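User: Please take a close look at a single part of this structure and describe, for someone who has never seen it, what surrounds that part.

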Amino acid sequence: MSDPRSRIPSVDALIASADFGPLLEGYPRSRVVDAARGAVDAIRRRIGEGNGPDDPADSAAYAGIAEALLEAADVPSLRQVINATGVVLHTNLGRAPLADAAVAAMAAAAGQYTNLEYDLEAGERGSRYQHCVSLLTELTGAEDALVVNNAAAALVLALTTLAPGAGVAVSRGELVEIGGGFRIPEILERSGARLVEVGSTNRTRAADYAKVLKSGDVRVVLKVHRSNFRITGFTEQASLEELATLANEHDVPLLHDLGSGLLMDPQLLGLPGEPRPHDSLRAGADLVAFSGDKLLGGPQAGVLLGREALVARLRDDPMCRALRVDKGTLAGLESTLRLYRDPPRALDELPTLRMLAESQEAVRERAEAIAAELTGGGVEAKVVESSGAVGGGTYPGVELPSAAVEVAGPAEALQRALRAGDPPVVGRIVDDRLLLDVRTVLPGQEGELTTRVAAAVASVGRL
Ligand SMILES: *Cc1c(COP(=O)(O)O)cnc(C)c1O
């Protein structure tokens, strides 16, 4: 018998066939030709492996493969996923989901012209850095504010502007790595500043700062929120007030890298105390820096607050241009900040705060409804206790008591099938069981989630 590969049609013949007609209507010709080539390669490979089509001359088989290739190439790289990990500010999953109002403001700014750098009253060039300033100063009591790309950029800008070639005093207990390659000593070095280490890892007193300040070599005192880890036991650290007094005496600014930018009362979120921007300013920090997309619940941004003269220096530095914030971000941040004028409304409308504040009972109720829907559809599932986290490098060691849907079946295979679905679902495996923590499943996603789980269970069953 002759080699079935000799009966594979030419790419030209496939393109001319009736089976390829609909593809040529839906896609540019060059893409269809590439896909036809891909289909020929695939069928040739299958024949080589002994499982080719019954009739290698039939163009329908090639058209089917070509269509799948064209569709696969059009799946976006950045996709919506369902977060069933229970980690609210999941950095890998894009941190804070935004309030509806912020989403609408960002979409509007993206699709239209705006007064981004235009002074509507004067009819002349304005500054993009004027946006969000009045809201930020109103909410925090700061003299002035500046918004850049993210908190890392805020820190780089502050250090390059205020301490080029000069010493920056940091406690040895605060030389942390936040994640994503962000290490305080390295950022400092790359900003052209020189690290002046103070005290020891577990204990750094005001007197230790006083010693390095006396050397006259230090141009900035930097206090860093440790964010993602805790030091316990035999510890001591200088208070912000003590640092402010010392920095003031030596006429150098005190810069506080706060990380998270919590504006809400943590008690309302059921979370332990956490220094907030206005606490830090009141305690005497000259500049504070924090993220827009952590506990603030807004878009990715870096906010700098503090003394007018310092903020003006940062705003005027050429480096600021390289770190400048996008109009969509400004629109989303402004809209997010406006919600904080009415804290109960912020708690209600900011998804991050709502998820953090939701009681375990409320999460369990939602989990019960999802589990009932699944069992009703013949999928074995039950509700179990779960433990979520705040995430985003905040509140290390704080667990959010939560509820999850446990789906019966081989956990790894189910997890893989869920990730391959559309939209993908990301859950957690605990003791070889697949858990879908419902705290981070957004309202309105429950139906999609049950559909995806049922499909994953069915596909795993077929393996
Ligand atoms: C998260 C964090 C940063 C970085 O913030 P980004 O907005 O992600 O750049 C910097 N400092 C501290 C203390 C942080 O917790």
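Analyst: **Strand β17 and its surroundings**

Strands β17 and β20 are paired in the antiparallel sense, with 4 bridges between them. Here strands (E, at least two residues) and helices (H or I, at least four) are DSSP runs numbered from the N terminus, and two strands pair if DSSP finds at least two bridges between them. The model is predicted, so local features need pLDDT of at least 70 and side-chain atom pairs pLDDT 80 or more, while totals for chains, interfaces and linings use all residues. Residues are numbered from 1 along each chain as its sequence is written, and side-chain values use heavy atoms, with hydrogens and water left out.

Within the pairing of β17 with β20, Ala404 stands opposite Asp437. The loop between β19 (428-430) and β20 (433-437) holds Asp432, which has a positive phi of about 65° although it is not a glycine. Most residues other than glycine have a negative phi. Asp432 is also exposed (over 50% relative accessible area, 1.4 Å probe, protein chains only), its own value being 66%.

Strand β17 (residues 394-407) also runs antiparallel to β16 (residues 381-391), to which 10 bridges join it. In this pairing Val383 faces Val405 of β17. The two strands form a hairpin with 2 residues between them, and Gly392 in the turn has a positive phi of about 65°.

β17 also takes part in the second largest pocket, to whose lining it gives the largest share, 3 residues. A pocket is an open set of points on a 1 Å grid, over the protein atoms alone, where a 1.4 Å probe fits, with protein on both sides within 12 Å along at least five of seven lines; lining residues have an atom within 4 Å of a point. The volume of this pocket is about 490 Å³, counted as the space filled by probe spheres set on the points, which are joined across faces, edges and corners. Of its 24 lining residues, His225, Arg226, Ser227, Gln237 and Pro275 lie nearest the centre, and β11 (218-224) and β12 (236-237), like β17, each supply at least two.

By class, the lining of the second largest pocket has 10 nonpolar residues (Ala, Val, Leu, Ile, Met, Phe, Trp, Tyr, Cys and Pro), 6 charged (Asp, Glu, Lys and Arg) and 8 polar (the others, Gly among them). Because domain 2 (82-91 + 355-462) and domain 3 (100-349) both give residues to the lining, the second largest pocket lies between them, with domain bounds that come from an automatic or database domain assignment.

Notes. Buried < 20%, exposed > 50% of the residue type's maximum accessible area, 1.4 Å probe, protein only.
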